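Let's walk through this model together, starting with the overall layout and then moving to its charged side chains. Have the viewer open as you read.

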Amino acid sequence: MLTLRVRPRLQINKWNLYHNSTVATKTIFLDDLELNVPETMKVKEFSETAWEQICHLRQNPDLDYSLNGSDRVLKHGLQMHDDSKLDEYAFEPHTELIIVRQVFMLESELKFDEQ
């Protein structure tokens, strides 16, 4: 079993249909948590398990686990491959992993301050 510290981020991209591109991005830093996972787990499975825990712990209706988006798992700033197993990476005890869920929303659906 591996004990990993997860630092989740939710990246919301405001998409403009006219320009067919992202016009604004907001990253929300969520509370860290520790997970004990088997070493044979794939990175994609780890990401899904982590997001289930994050959404369950926050009990926030705005943060729905079913949010469709792409997930990235980063170790020391480098993206881990989804199909790789965790035991293929060298982990020290209590290694920190950053998980970023990137979500695209139409400009008309999303309201946040642009600064």
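The protein has 1 helix and 6 strands, where helices (H or I, at least four residues) and strands (E, at least two) are DSSP runs numbered from the N terminus. Read from the N terminus, the elements follow the order β-β-β-α-β-β-β. Please keep in mind that this is a predicted model, in which local features need pLDDT of at least 70, side-chain atom pairs count only at pLDDT 80 or more, and totals for chains, interfaces and linings use all residues. Residues are numbered from 1 along each chain as its sequence is written, and side-chain values use heavy atoms, with hydrogens and water left out.

Next comes the packing. Of the 115 residues of the protein, 37% count as buried; buried means under 20% relative accessible area, exposed over 50%, and partly exposed in between, with a 1.4 Å probe and protein chains only. The protein exposes about 7400 Å², of which carbon and sulfur atoms supply 46%. These accessible areas come from the Shrake-Rupley method with a 1.4 Å probe, and for residues only the protein chains shown count as cover. If you count contacts (heavy atoms within 4.5 Å), residues 24 or more positions apart account for 69% of those with a separation of 6 or more.

For a look at one position, find Ile54 in helix H1 (residues 43–58). Ile54 counts as buried because its relative accessibility is 3%. Its C-alpha atom is separated by 8.2 Å from that of Asp31, and the two residues are 23 apart along the chain.

Now to the charges. Side chains of opposite charge can pair when their charged atoms come close. How many salt bridges does a search of the whole structure find? There are 6 salt bridges, each a side-chain nitrogen of Lys or Arg within 4 Å of a carboxyl oxygen of Asp or Glu.

One of them joins Arg5 to Asp32, with the closest N and O atoms 3.6 Å apart. Arg5 lies in strand E1 (residues 2–16) and Asp32 in the loop between strand E2 (21–29) and strand E3 (33–37), so this pair ties together parts that are 27 residues apart in sequence. Arg5 is partly exposed at 28% relative accessibility, and Asp32 is partly exposed at 30%.

Arg5 also forms a salt bridge with Glu96, the closest N and O atoms being 3.9 Å apart. Here Glu96 in strand E6 is linked with Arg5 in strand E1, 91 residues away. Glu96 forms a salt bridge with Arg7 too, at 3.5 Å between the closest N and O atoms. That pair again links distant parts of the chain, with Glu96 in strand E6 and Arg7 in strand E1, 89 residues apart. Through shared partners, salt bridges join Arg5, Arg7, Asp32, Glu34 and Glu96 into one network.

Finally, turn to the surface, where Glu45, Glu48, Glu52, Asp82 and Asp83 form a negative patch. Patches are made of residues with over 30% relative accessible area and no salt bridge, like charges being joined within 9 Å and nonpolar side chains (Val, Leu, Ile, Met, Phe, Trp, Tyr) within 5 Å. Lys and Arg count as positive and Asp and Glu as negative, while His and the chain ends are not counted. The place of a charge is taken as NZ of Lys, CZ of Arg, CG of Asp or CD of Glu. Within this patch, Asp83 lies in the loop between strand E5 (78–79) and strand E6 (95–106). Asp83 is exposed, with a relative accessible area of 65%.
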